[in-house]
Amino acid sequence: MTPSSQGVEYAQLRAFVEVAEQGGFSRAAERLGVTPSSLSQTIRALETRLGVRLFNRTTRSVALTPPGQALFNRLRPAMDEIGAAVEMASRAGGRVAGTVRVHAARVAAARRIEPMLAAFHAAHPDVVIDLTVDDAVVDIVAGGFDLAIRPGEVVEKDMVAVRLGGDHRQIPMATPDYLARHGRPAEPGDLTAYACIRWRWDGRSQPYDWEFCRDGVWFAVSVSGPLIVNDRRMMLDACLAGIGIAFLTNEEGAPHIAAGRLEPMLEPWCAAYPGFFLCYPRQRQMAPALRAFIDAVRAVEVDYTILANKSW
């Protein structure tokens, strides 16, 4: 076997593993930096060379055949070992390179990722951060992401989860002028009589109901108001403009409370809950670029973090 034919064989096998892991050609092609049609031709060439069909293809799905599953089970550990050897050589040379694909909630991206970008790029110029920012809860593996930063309440149980910062509280807040004109609710149920700015998770049709806690028991209040958004920054801006009451986290509201632009209310009903976590699939070997990114995010200090149990 010539060196060139060995290179072709390795490329075909790597393509096969990627398609099997991603469950389709489009995501696998994106990961490999090729077109789906080119990737499909590579897989067909591998099937022709082996004399066996490796995938069952339909217009909607791609699934391994029994021979394909058997090949994948044997091949995947070998590919892991090759990747680990390459990464070890890269670390020995002092070079960190590669692409880190990140999915982050909007608030987490603003608080945890934006502050470290410039320093991270200066330290690791060969690392590309491919960042998707939205509040949808996606399947990290199926979406082709290396890691995600999301609230603790939506972290999958089979993920490695690293806590970032302390607990959060969500607290109703409004401008002093709004409260002077409309008064303050005495208890959470009173919020139904006020103009509330509602937030909706990406990918969901209904707005989020505001959750409170009394004597250890959580309950929800379905509020109403003139504005529903799926962007928390817009929700905060609308609240600062005096449109109504918003349900903001302590991190979101703290600088505005300190400056007198917002006032919190109903604090005794606003219990702490887990804040943001960095989560990623369990893996035997972690790429140096991914490890460097995780370390950089964990080192970020949020300037105006307010203790979850503090009352203003």
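This report describes a strand sheet, the helices lying across it, and the cysteines of a predicted model.

## The five-stranded sheet

Five strands form an open sheet in the order β4-β3-β5-β14-β6, and their pairing is mixed. At the edges of this sheet stand β4, covering residues 127–133, and β6, covering residues 159–164; each of them pairs on one side only. From one strand to the next, the twist averages 25°.

Within the sheet, strand β3 (residues 98–104) and strand β5 (residues 147–151) run parallel and are joined by three bridges. V102 has L147 of β5 as its bridge partner.

## Helices across the sheet

Helix α5, made of residues 106–113, lies across β3, β4, β5, β6 and β14, the last of these spanning residues 276–281. The direction of helix α5 is at about 130° to β3.

Helix α10 (residues 288–298) also lies across β3, β4, β5, β6 and β14. Its angle to β3 is about 45°.

## Cysteines without disulfides

The structure contains zero disulfides. For C213, the nearest cysteine sulfur belongs to C270 and is 9.9 Å away. A disulfide requires two cysteine sulfur atoms within 2.5 Å, and C213 is accordingly in no disulfide. C213 counts as buried because its relative accessibility is 11%, and the limit for a buried residue is under 20%.

C239 is likewise in no disulfide. The nearest cysteine sulfur to C239 is that of C196, at 9.9 Å. C239 has a relative accessibility of 0% and therefore counts as buried.

Note on methods
Residues numbered from 1 in each chain as written. Predicted model: local features only at pLDDT ≥ 70, side-chain atom pairs only at ≥ 80, totals over all residues. Heavy atoms only, no water. Buried < 20%, exposed > 50% of the residue type's maximum accessible area, 1.4 Å probe, protein only. Pairing = 2+ DSSP bridges. Helix = DSSP H or I, 4+ residues; strand = E, 2+ residues; numbered from the N terminus. Axes fitted to C-alpha atoms, helices over the stretch in contact; angles between N-to-C directions. Contact = heavy atoms within 4.5 Å.
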